[in-house]
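Me: Got a model open here and I'd like to go through it with you. Can we start with the strands?

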Amino acid sequence: MYFIGVTTSQSSIMKLFPLWAKILDIKDAVLKGIDIEIHAPKGVYREVVQFIKEDPLSLGALVTTHKIDLYEAAKDLFDYLDPYAQLFGELSSISKNQGKLEGHAKDPISSGLAMEAFIPPGFWREHGGEVFIMGAGGSARAIAAYLFDPQKKDNMPSKLYVSNRSTPRLYAMQEIMQKINPDINAEYIHSPEPSINDQILARVKPYSLIVNATGLGKDRPGSPLTDAAQFPPHSLVWELNYRGDLLFMHQALRQKDAKNLHVEDGWIYFIHGWTQVIAQVFHITISEQQFSEIERISREYRNAQKK
């Protein structure tokens, strides 16, 4: 199995995968990283997908950072793309099924599971807060789609703000959200400078969700906000990264007590994201007991790394 990213050798999964494989009884499984520069030429993505498709020992891959670029460059090489991949125009999972190459977008599932772990039940119904997502890539699209699923009826944020440094992905996300829920109150804002995100943040209500879905703080240093940004009181702050300089998370932690913030990193999202793709690539079902064991040994590993 391959891991297609930017700085794959720095990811905890390289140490955790063999431990998880034992729990899941996946024999002789090896995880290899493939590092690709951000927004690489289309030919690079096509070459990687073609290799996985033709190599009998390659069972599939997890894709981070490149989910949209890889989909746009190589979607014609897949024999099957799941409805989420087609709707969101991205994929996080490459797998094989009876010789056919399949692409899946797992983020709508894994981001939903991650949010259920820290957003209190009835939070939106009770407080009427909003959501501000910085970034308009695959994770941002999946998070917004989960939060504004029409089936949630009265328990969804009262407004969606999305900002992004470039406009094409912003327009694409607006189009996707119109299909998912045309009735939501939403603003899509071009934000080439962090100071613009500061200005948006100042408008967001208390009891809201603020998300860093830009990749800044992991693959590239920095934050989508300046140090002058003020988080709305009683809000949930979600840093999708779990490694790197995590500047956005540290900005929130400095205001945690004064603003009564709940600050969440991307660790649980990381675990759900990987287990969803592993299950797809190896065609297995991960039981609740196995997931609990994966979570336990992953937490122990992380705690040991912090010492």
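Reply: Sure. E7 and strand E8 (residues 160-164) pair in the parallel sense over 4 bridges. Strands here are DSSP runs of at least two residues (E), helices runs of at least four (H or I), both numbered from the N terminus; two strands pair if DSSP finds at least two bridges between them. This is a predicted model: local features need pLDDT of at least 70, side-chain atom pairs count only at pLDDT 80 or more, and totals for chains, interfaces and linings use all residues. Residues are numbered from 1 along each chain as its sequence is written, and side-chain values use heavy atoms, with hydrogens and water left out.

Me: Which residue in E8 is the bridge partner of Val131?

Reply: Leu160.

Me: And the faces of E7, what covers them or doesn't? Buried or exposed?

Reply: Both faces of E7 (residues 131-134) are covered. Val131 and Ile133 on one side are buried, and so are Phe132 and Met134 on the other. Buried means under 20% relative accessible area, exposed over 50%, partly exposed in between (1.4 Å probe, protein chains only). In a regular strand the side chains alternate between the two faces of the sheet.

Me: Switching to Val49. Where is that?

Reply: In helix H2 (residues 42-54). Val49 counts as buried because its relative accessibility is 1%.

Me: What is Val49 in contact with, leaving aside neighbours within four places in sequence?

Reply: Leu70, Ala74, Leu77, Phe78, Ile94 and Leu101, where contact means heavy atoms within 4.5 Å. Val49 and Ala74 are 25 residues apart in sequence, yet their C-alpha atoms are 7.1 Å apart.

Me: OK, Asp265 next. Which elements is it between?

Reply: Asp265 is in the loop between strand E12 (262-264) and helix H12 (267-282). Asp265 counts as buried because its relative accessibility is 14%.

Me: Which residues does Asp265 touch, not counting those up to four places away in sequence?

Reply: Trp238, Glu239, Asn241, Tyr242, Met249 and Arg302. Closer in sequence, a polar atom of the Asp265 side chain lies 3.1 Å from the backbone nitrogen of Trp267.

Me: Last thing, the second largest pocket. Which residues are closest to its centre?

Reply: Of the 13 lining residues, those are Ser12, Tyr242, Arg243, Arg302 and Gln305. Tyr242 and Arg302 also touch Asp265.

Me: Which helix gives the largest share of that pocket's lining?

Reply: Helix H13 (residues 288-306), with 4 residues.

Definitions and conventions. Polar contact = N/O pair within 3.5 Å; in protein donor to acceptor, adjacent residues only side chain to side chain. 1 Å grid on protein atoms, 1.4 Å probe; cavity = no way out; pocket = protein on both sides within 12 Å on 5 of 7 lines; lining within 4 Å.
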